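Biologist: I would like to learn how to read the pockets of a protein model. Could we go through them one at a time?

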Amino acid sequence: MPQLETTVVPSPLGPEVGVSQVCTNIRLDPSPLTSSNIRCSRSSYFKAIASAKKHHWSDFLLSATPQDIWTAPRFPFGCPPPRFPTLPDADEPSNVAEALLAHFFQRKPPPPVLLHPVRHGDYTSLTFQEVSRALTKSSNTSHPGPDHILYFVWKSVHRLKPSLLPSLLDPLLAYGFHPPSLKKALGIVLDKPGKPSYHSPSSFRVSVLLRTLSKVLERVVPSCLLAPALTCSLIYFLQCGFLPRRSTTNAVLVLHHHVEYSHRLHYKVPTLFLHVKGSFDNVQSPSLLSLLPRKGVSRYLVQWIGSFLQDRTCRVTFNRSPQSFTPGLGGVPQGSPVSPLFFVIYVSSVHMEIPRSLIVSYVNDFAVTVASPSYRTNIRLLLKAFSFIRGKAFLINISFSVPKTKLIHWRTTRSNELPFSLPVQLAEQLFYP
């Protein structure tokens, strides 16, 4: 019978393309062709493939580096096929781009252009060390914006000519002006995994890529803005994230301490976790700019922030997308190093003091914790607190994504009570603990 001789050859391309190549040589065998021989040949063939995969995977793990942890999941599962927006009411690529921009960005009319910027007297010149620190925080593997210039180019320029970048960026802060050429961005359309349908803009997300030279300056601004923001109560004291010495660990420790303290007083403690919907895109620059001068922020910073947020343009990128930039986009740009700081300043008014309660936030995630002797009382307190917070958020054009709400009832290990299972109802949706 025709019999298969298998020779296993590990593939240099890696397991994502099959792991091994099984080269088969067919020779004639005079033995009769039976079902038993067929099963044995087929079994040995697939066993050879499995053995080659196993050996290749073991060799990969033995020589793996810390960077390979990001490529390893692609080997057993492969890369998902790219999905492109196919919206029912948009037939042409220009219509798809317009629908995506309308969904993800707040549109506003273009503001008047400042023709004669004025140098401010309270400005301190940009130093070589500030630019060096900004470049140190920039990764060489970050994707560039429309100019396609990577960070290592600016690092090389700064090393060879230390005075060049400070001389280019210093006048922009001194005059409070951000040129339109640095406000152009690329919006890379990425699909969200696990969605049942990809016929809606909500099944995608837009990753905004900015010009690297602009982001160098944007890394300098937070160091200038942080001092007045922290000393003048521009930021709520329990706001964590993108702030010095206020990390995720701090937020968890504060919440843990409050829960433990309430349990010692024999209170029942639940926490309602809320997520701000479209956080950065809904920041209104007039409200943000009116808040800064009242808190003592330098005039040149206010002027630069206003110029930075005005007249921004974006070009969404997907299959057959148009190459034109769309103006009139509102909010603060996602992907900018300074945007998280702008957002935590903008939402500082949403926080409030409630008796026997705690509000901790991490950028656009809020955790509302209450305490009382009764579970049912806690549910009423959570609903009341959510109503107050939602009202304050509405005043600054911020809303919460109700479907992403989570509810947790904290219990001690010594508690012998049955778990409380009644849900909390928000916007006609029930959320069980």
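**Reading the pockets**

Modeller: This is a predicted model. Start with the elements that form the wall: helix 3 (93-104), strand 4 (204-210) and strand 6 (269-277) each give at least two residues to the lining of the largest pocket.

Biologist: Which element supplies the largest share of that lining?

Modeller: Strand 4 does, with five residues.

Biologist: What is the volume of the largest pocket?

Modeller: The volume is about 760 Å³. The lining consists of 25 residues, and those closest to the centre of the pocket are Phe-104, Lys-192, Gly-278, Asp-281 and Gln-334.

Biologist: How do the lining residues of the largest pocket divide into nonpolar, polar and charged?

Modeller: Glycine is counted with the polar residues here. On that basis, the lining of the largest pocket has 13 polar, seven nonpolar and five charged residues.

Biologist: Now the second largest pocket. What is its volume, about?

Modeller: For the second largest pocket the figure is about 480 Å³. Its lining has 16 residues, and Arg-219, Pro-222, Phe-242, Pro-337 and Pro-340 lie nearest the centre.

Biologist: Which helices each supply at least two residues of that lining?

Modeller: Helix 7 (212-231) and helix 11 (339-346) do. The largest share, four residues, comes from helix 7.

Biologist: And how do the residues of this second lining divide?

Modeller: The lining of the second largest pocket has eight nonpolar residues, six polar and two charged.

Definitions and conventions:
Residues numbered from 1 in each chain as written. Predicted model: local features only at pLDDT ≥ 70, side-chain atom pairs only at ≥ 80, totals over all residues. Heavy atoms only, no water. 1 Å grid on protein atoms, 1.4 Å probe; cavity = no way out; pocket = protein on both sides within 12 Å on 5 of 7 lines; lining within 4 Å. Points joined across faces, edges and corners; volume = space filled by probe spheres on them.
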